Amino acid sequence: MRARFFRKSTESVLLMVTAAALVAGGVAWLTGAHTTADLCWAAGTVAAVVPAVAWVLETLRRGHGGVDVIAVLALGGTLAVREYLAGALIALMLATGRTLEAAAQRRASHDLRALLEHAPRSARRRTGTEVRTVPLSEVAVGDLLVVGPGEVVPVNGRVADNSVLLDESVLTGESLQVERDRGALVRSGVVNAGGAFELRATATEQDSAYAEIVRLARQAGAESAPVVRLADRYAAWFVPLALIIAGLAWAVGGSTTSAVAVLVVATPCPLLLAAPVAIVSGLSRAARLGVVIRDGGALETLGRARTVVLDKTGTLTTGRPRVIEVAAAPHRETAEVLRQAASLDQFSPHVLAQALVDEAHRRGLELSLPAEVREEPGLGATGTVDGHRLTVGRVRLGPDSPAWARAVDNRAMLDGATVVWLTVEGELSGAVLLRDPLRHDAPRTLRRLRSAGIERLLMLTGDRAEPAREVAAVLGLDAVRTEQSPADKVAEVRSERERAVTVMVGDGVNDAPALAAANIGVAMGARGSTASSEAADIVLTTDRVDRLADAMAIAVRARRIAVQSALGGMAMSLAAMVAAAFGLLPPAAGALLQEGIDVAVILNALRALLTDRAAGPPLTPAAESLIHRFAAEHDELREVVEAVRTAADQLSGQSEEQARAAVQHVHHLLTDRLLPHEYAEEHQLYPALAASLGGPESTATMSRAHAEIERLSRRIATHLTLTDAEGRLGPEQLDDLRACLYGLYGVLRLHFTQEEENYFSLAP
């Protein structure tokens with residue numbers, strides 16, 4: 001820390017000294033005090049020689065040659081031939097480049113503070129009837145431990161009670177809590193989400209899962225190689241070439257001044273300035289978008305990445321369960337099912353309970369105050385709402401369960417969803433299906449990553465294979481690895497890193513070792529763990545994964561501009577070197593010419609601050625406002641989409657009166673709510689988005705979906721006009737009507753998803 005502070009202070013002081021010496025010398029020269037001017041310029045030159053020599057020795061000690069070699073030779077040469085103005089100019093350019101580079105490359109250490117803070121340090125050991133708190137290091141295999149509510153499991157062990165509810169997200173990244181039965185293995189680091197339970201230790205502190213995560217992160221961080229400066233890579237051929245030309249000028253022409261002039265114009269200021277300016281500009285642009293990049297080396301490496309490895313939960317998905325469907329028993333309403341379930345669960349801390357309450361509020365349902373609430377970990381809650389005895393939670397279905405309940409359970413299994421059942425007075429009344437949905441901006445983000453040059457996209461997750469493969473199929477990933485432990489993730493990242501520059505993106509403590517093992521670690525910092533942020537090179541401070549694509553685009557462009565500026569500047573320097581070798585450029589004139597080259601290089605490098613025109617025009621404020629409006633309407637219309645599916649289901653097995661009532665209800669919802677929404681999108685939102693998306697053709701396929709939605713809605717309305725004199729649906733209508741309803745349900749779900757992924761994800 002002290003060494004870093006000293007280096008930062010040296011660069012800042014050197015910049016001030018060299019600038020002051022150059023200005024003072026210029027003032028003295030203008031007033032006719034030429035000797036004083038030379039003394040000032042010489043002092044500025046000498047002030048730069050000592051740190052420059054130290055920097056050269058440091059790079060040589062690390063096994064690298066550096067651009068500073070020519071700067072040192074040029075500084076010494078100007079002093080030898082008494083070209084003090086040239087020396088002062090070189091000193092200022094050297095100090096400026098070093099200061100800019102320091103600003104671009106202040107890398108935060110990969111400390112594991114959050115991991116260590118979360119790690120348990122003591123345990124409650126039970127001996128007979130006595131429970132004592134002991135240091136974790138004293139826990140031995142076979143000890144009986146007590147884990148209280150909300151406490152971290154201290155060591156690996158097996159459940160000694162009947163059933164426990166655990167939050168394993170710290171290890172697996174999976175947001176849903178899990179139940180472990182008696183004898184099940186539990187890993188250290190997970191959190192007790194239910195009541196107190198007893199654990200039989202199967203490992204000591206050092207052999208437990210959480211200690212292994214900390215060790216993996218430390219080892220992976222230690223393996224990360226330092227980034228070689230872009231300037232140093234080009235210096236590998238530029239420095240020898242400059243020395244050869246200077247040597248030839250001296251040997252063939254016999255002029256020491258010409259050789260020094262070659263070194264002066266060869267001073268690689270385009271290298272010293274172009275890369276830092278472009279990289280700092282890229283860092284500035286990224287920061288404005290909520291992307292914190294810890295140093296210039298990270299931005300440069302990100303621009304060279306060809307493989308991106310992504311965690312699933314919290315990165316590609318939202319990390320929070322969401323209601324995807326509400327099912328009701330015959331003669332029950334879905335809105336009432338959700339209202340009753342949310343009323344009972346509104347004071348529960350369970351993550352699923354919070355999702356129910358959020359959905360009820362989103363639909364504008366008025367919740368009742370529950371009474372006599374009792375919650376059993378792993379089973380659910382029981383209480384009284386509006387005078388009825390309710391239970392919300394798990395239910396084991398059997399062959400005698402109602403057909404509608406078995407259908408819901410089957411649908412949940414196919415969709416990879418969790419089911420929360422509602423019973424009223426002991427009778428099954430409804431169910432709520434929840435799942436961790438895909439982020440709306442994830443598909444667009446991955447398409448943009450492909451466009452930016454990413455050749456391989458891989459997903460690593462601690463989740464089960466079925467939901468993970470569904471996500472991978474939707475996103476078009478190249479590979480997916482499921483049920484991954486932190487050690488497995490590190491091994492996969494190391495394997496990918498051997499083939500290409502690899503980026504790892506994650507948000508949980510379990511991702512920290514893999515983030516540190518990658519060439520570049522990217523943490524979802526808005527809701528992710530502090531440990532993942534500490535282990536990352538890049539932190540996305542907003543809860544949007546599309547900022548990763550923004551960062552990649554900025555990195556690729558900043559690196560391209562840096563390389564372009566450096567190569568262009570070196571080409572001009574080479575031409576000036578040839579002129580100086582033939583005696584056409586004295587050292588002072590060469591230094592001024594080099595300044596002109598530097599100005600051109602810096603101006604070009606500053607283009608990295610600007611928005612890439614290829615990205616297209618940004619959204620207008622009016623378009624952003626419309627996106628937010630229609631996104632909110634989508635949330636409100638989800639119950640309409642559910643009603644379409646429910647009506648289709650009720651055409652089978654329900655009375656004719658109930659079936660017609662369900663279809664009539666859907667018809668009113670379509671006419672009064674859905675179709676006006678689609679019409680407004682077509683005539684307000686789509687025209688507003690056309691400019692940003694490249695013209696009206698970009699929304700043509702979505703407009704076709706609007707037409708299909710309207711066609712199916714009209715067809716349903718026509719069926720209602722074909723009822724008999726008593727208002728009953730004819731048997732010959734049922735097949736076509738059922739097909740219309742299921743078809744409309746499928747079109748609506750796909751259409752809503754496409755709009756949310758392609759259009760709504762554009763707005764911050």
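**Notebook: surface patch, aromatic pair and cores**

I looked up Leu 609 and noted that, at 31% relative accessibility, Leu 609 counts as partly exposed, since that class lies between buried, under 20%, and exposed, over 50%. I am working from a predicted model. I placed Leu 609 in the loop between α22 (587-605) and α23 (621-650), and I found that Leu 609 joins Val 599, Leu 603, Leu 606 and Leu 610 in making a nonpolar surface patch of about 430 Å².

Next I turned to the aromatic rings, and I recorded that the structure holds two aromatic pairs. For Tyr 686 and Tyr 759, I noted ring centres 5.5 Å apart and planes at 75°, so I entered the pair as edge-to-face, the cut-off for that class being over 60 degrees. Tyr 686 lies in helix α24 (residues 656-693) and Tyr 759 in the segment after α26 (731-758), so this pair ties together parts that are 73 residues apart in sequence. I also checked the accessibility of the two residues and found both Tyr 686 and Tyr 759 buried.

Last, I looked at the interior. I noted that the largest nonpolar core has 47 residues, with Leu 316 and Leu 449 having the most contacts inside it, and that helix α21 (residues 546-581) gives the largest share of this core, nine residues. Setting aside neighbours within four places in sequence, I listed the contacts of Leu 316, among them Leu 310, Leu 438, Ala 442, Met 459 and Val 471, and also Asp 311 and Arg 439. I then entered a second, separate core of 44 residues, which includes Trp 41, Ile 70, Leu 92 and Val 239.

Methods
Residues numbered from 1 in each chain as written. Predicted model: local features only at pLDDT ≥ 70, side-chain atom pairs only at ≥ 80, totals over all residues. Heavy atoms only, no water. Patch = residues over 30% accessible without salt bridge, like charges linked within 9 Å, V, L, I, M, F, W, Y side chains within 5 Å. Areas by Shrake-Rupley, 256 points an atom, 1.4 Å probe, with all protein chains shown as cover. Salt bridge = Lys/Arg side-chain N within 4 Å of Asp/Glu carboxyl O. Helix = DSSP H or I, 4+ residues; strand = E, 2+ residues; numbered from the N terminus. Buried < 20%, exposed > 50% of the residue type's maximum accessible area, 1.4 Å probe, protein only. Phe/Tyr/Trp six-rings, centres within 6.5 Å; stacked < 30°, edge-to-face > 60°. Core = buried A, V, L, I, M, F, W, Y, C linked by side-chain atoms within 4.5 Å. Contact = heavy atoms within 4.5 Å.
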